[in-house]
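Open the model in your viewer and follow along, one selection at a time. Have the residue numbering switched on.

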Amino acid sequence: MKNYLEQSKIEFYKENGFVQVDNILTEEELDELSEFLEEAMTQEGTNSFATSAKGGSYYKVLNQKVNVWRDHGGMSRYSFHPKLAQIAMELTGAKGIRVFHDHGLWKMPQDSKPTAWHQDFPYWPMTEPGALSVWIPMHDVDEHNGCMMFVPGSHKIGKLTGIDLANPQDIYEQIEGTELEKTKPVKIPLKKGSCTFHDGLTFHFAHANNSDEPRRVLAIIFMPDGTVYSGKSHPVTDNAGLEAGKPFGGGLFPLVARRK
Ligand code: SIN
Ligand code: NI
């Protein structure tokens, strides 16, 4: 398979812990994905699950549904999209890529709260970093309707304590006196058709949604094949038949790209 990314993008990702990629999906694909995601977010299913009850404090941050591909077959076209998986492989240098989980991340209008600065990796039951997220908005995003910000190079600080996003602590208290504390965050507004990839250790934040519409995003977490399950409790891995200390595998964490 051809390389999608120029070397400069891969180097930017390694240095900064995130990268913007434009023209990720075609117009037709994005229209279809928007339709599927709308269905997946609004229909009941037994294999995906919402993490926030309507009216609750986390719902004001994110209306989140995890593993939408397991209830909506059409979503697997996107959560397992060869181009997305191939880019994850190019960025990580992994020999293969598995899906950890996908999630619809809708930031609802009215009394919307920002997504506080955090790293993703502390939430994940993995023994080593390397996993990353692709964040694909269904429409243009800017600071008015919930675009993301990143702290360049913050992935190099390593794993910190996880933040409670419903009742957030200040992650900066964990890095007092470091050079990282002085690094200026960058805001990444995106046009429909663009996305970002970010490392699980990179500090990121999303603005509150002050528009009248939900901010609709599909995010997919990819992990290098060989990533080891730590055994730590997590709703996606509890009762998934995994063994602590052994690599993720099987049909619930499918291999979606393999180096030729
Ligand atoms: C958001 O979409 O608001 C946050 C995404 C993330 O934390 O990865
Ligand atoms: Ni995050």
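Start at Thr 115. An N or O atom in its side chain is 2.7 Å from an oxygen atom of ligand 1. Keep in mind as you look that this is a predicted model.

Next, select Trp 135. One of its polar side-chain atoms lies 2.9 Å from an oxygen atom of ligand 1. Then add His 204. Here a polar side-chain atom is 3.0 Å from a ligand 1 oxygen.

Now turn on the surface. How much of the accessible area of ligand 1 does the protein cover? The protein covers 94% of the 260 Å² that ligand 1 has on its own.

**The shell around the ligand**

Widen the selection to the residues around ligand 1. Thr 115, Trp 135 and His 204 are among them, and so are Leu 62, Leu 105, Lys 107, His 118 and Asp 120. Finish the set with Met 148, His 198, Ala 206 and Arg 215. Colour by class: the shell divides into 5 nonpolar, 4 polar and 3 charged residues. Which elements give two or more residues to this shell? They are strand 5 and strand 10.

**The largest pocket**

Zoom out a little. Ligand 1 sits in the largest pocket. About 610 Å³ of space lies in this pocket. It is lined by 34 residues. To find its centre, select Tyr 58, Gln 64, His 103, Tyr 123 and Leu 165, the lining residues closest to that point.

Show the strands next. Strand 3 (63–66), strand 4 (96–106) and strand 5 (115–118) each give two or more residues to the lining. So do strand 6 (132–137), strand 10 (204–206) and strand 11 (217–224). By class, the lining of the largest pocket has 18 nonpolar, 11 polar and 5 charged residues.

**The second largest pocket**

Last stop. About 190 Å³ of space lies in the second largest pocket. Select Met 41, Thr 42, Gln 43, Glu 44, Gly 45 and Ser 48, which help line this pocket. Add Ala 50, Ser 52, Tyr 59, Asn 63, Lys 65 and Trp 106 to complete the lining. Helix 2 (27–42) and strand 3 are the elements that give two or more residues here. The lining of the second largest pocket divides into 4 nonpolar, 6 polar and 2 charged residues.

Note on methods:
Residues are numbered from 1 along each chain as its sequence is written. Chains are lettered from A and ligands numbered from 1 in the order in which they are written. This is a predicted model: local features need pLDDT of at least 70, side-chain atom pairs count only at pLDDT 80 or more; totals for chains, interfaces and linings use all residues. Side-chain values use heavy atoms; hydrogens and water are left out. On a 1 Å grid over the protein atoms alone, a cavity is a set of points where a 1.4 Å probe fits but cannot get out, and a pocket is an open set with protein on both sides within 12 Å along at least five of seven lines; lining residues have an atom within 4 Å of a point. Grid points are joined across faces, edges and corners, and a volume is the space filled by probe spheres set on the points. Helices (H or I, at least four residues) and strands (E, at least two) are DSSP runs, numbered from the N terminus. Ala, Val, Leu, Ile, Met, Phe, Trp, Tyr, Cys and Pro count as nonpolar, Asp, Glu, Lys and Arg as charged, and the others, Gly among them, as polar. A residue is near a molecule or strand if one of its heavy atoms lies within 4 Å of it. A polar contact is a pair of N or O atoms within 3.5 Å; within protein, one must be able to donate a hydrogen and the other to accept it, and residues adjacent in sequence count only if both atoms are side-chain atoms. Accessible areas come from the Shrake-Rupley method with a 1.4 Å probe; for residues, only the protein chains shown count as cover. A molecule sits in a cavity or pocket if more than half of its atoms lie within 2 Å of its grid points.
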